[in-house]
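Trainee: I would like to go through some labels on a structure and hear the reasoning behind each one.
Mentor: Go ahead; the model is a predicted one.

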Amino acid sequence: QGQLVESGGGLVEAGGSLELHCAHSGSIYTINAMGWYRQARGKQRDFVASITKDNDTSHLDSVKGRFTMSWGNAKNTVILQMNNLQNDDTDSYYCFADQRVRAACQIRFWGQGTQVTVSS
């Protein structure tokens with residue numbers, strides 16, 4: 001178990017930048033990966049980016065070169081740097097953490113979401 005706390009969302013003009021932070025606290029188990037999905041009203045929740053404990057990163061094709069995933073300085077924290085934001089990036093962004101409870105059991109935890117709104 002644990003808690004995911006998200007921050008950094010807000011309103012930004014097209015072409016601007018935001019930095020989303022997510023911190024996973026309260027867990028005594030290994031975190032295998034953390035990342036972000038996003039979901040617009042009436043649409044599916046889509047993968048955005050992730051990073052593993054081995055520092056392997058993955059990004060949605062449409063955000064490659066604009067969004068960058070990285071581990072934060074504090075343990076079990078991640079940063080999603082979002083540059084050159086576009087109207088299509090407007091979504092609720094949800095952080096996840098994959099927690100390895102035991103060898104054969106991994107549980108995905110979700111944050112409550114942070115809103116990113118891009119306007120021009």
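Trainee: Why is Arg-66 called buried?
Mentor: Buried means under 20% relative accessible area. Arg-66 has 14% relative accessibility, so Arg-66 counts as buried.

Trainee: What makes Arg-66 and Asp-89 a salt bridge?
Mentor: The cut-off is a side-chain nitrogen within 4 Å of a carboxyl oxygen. The closest N and O atoms of Arg-66 and Asp-89 are 2.8 Å apart, so the pair meets the cut-off. The pair links distant parts of the chain, 23 residues apart: Arg-66 is in the loop between β6 and β7, and Asp-89 is in the loop between β8 and β9.

Trainee: How do you know whether Asp-89 is buried or exposed?
Mentor: Its relative accessible area is 2%. The limit for buried is under 20%, so Asp-89 is buried.

Trainee: Which residues belong to the salt-bridge network that includes Asp-89?
Mentor: Arg-38, Arg-66, Asp-89 and Asp-91 are joined into one network by salt bridges that share partners. One of the pairs is Arg-38 with Asp-89, at 3.0 Å from N to O. Arg-38 lies in strand β4 and Asp-89 in the loop between β8 and β9, so this pair ties together parts that are 51 residues apart in sequence.

Trainee: Why is Asp-61 called exposed?
Mentor: Exposed requires over 50%. Asp-61 has 60% relative accessibility, so Asp-61 counts as exposed. Its salt-bridge partner is Lys-64, with the closest N and O atoms 3.1 Å apart. Lys-64 has a relative accessible area of 51%, so Lys-64 is exposed.

Trainee: What makes Cys-22 and Cys-95 a disulfide?
Mentor: The sulfur atoms must be within 2.5 Å. For Cys-22 and Cys-95 the S to S distance is 2.0 Å, so the pair qualifies. Cys-22 lies in strand β3 and Cys-95 in strand β9, so the disulfide ties together parts that are 73 residues apart in sequence.

Trainee: Why is the disulfide of Cys-22 and Cys-95 called left-handed?
Mentor: The torsion about its S-S bond is about -95°, so the disulfide is left-handed.

Trainee: How do you know that Cys-105 is in no disulfide?
Mentor: The nearest cysteine sulfur, that of Cys-95, is 19 Å away. The cut-off is 2.5 Å, so Cys-105 is in no disulfide. Cys-105 is buried, with a relative accessible area of 18%, and stands in β10, opposite Arg-102.

How values were computed: Residues are numbered from 1 along each chain as its sequence is written. This is a predicted model: local features need pLDDT of at least 70, side-chain atom pairs count only at pLDDT 80 or more; totals for chains, interfaces and linings use all residues. Side-chain values use heavy atoms; hydrogens and water are left out. Helices (H or I, at least four residues) and strands (E, at least two) are DSSP runs, numbered from the N terminus. Buried means under 20% relative accessible area, exposed over 50%, partly exposed in between (1.4 Å probe, protein chains only). Two strands pair if DSSP finds at least two bridges between them.
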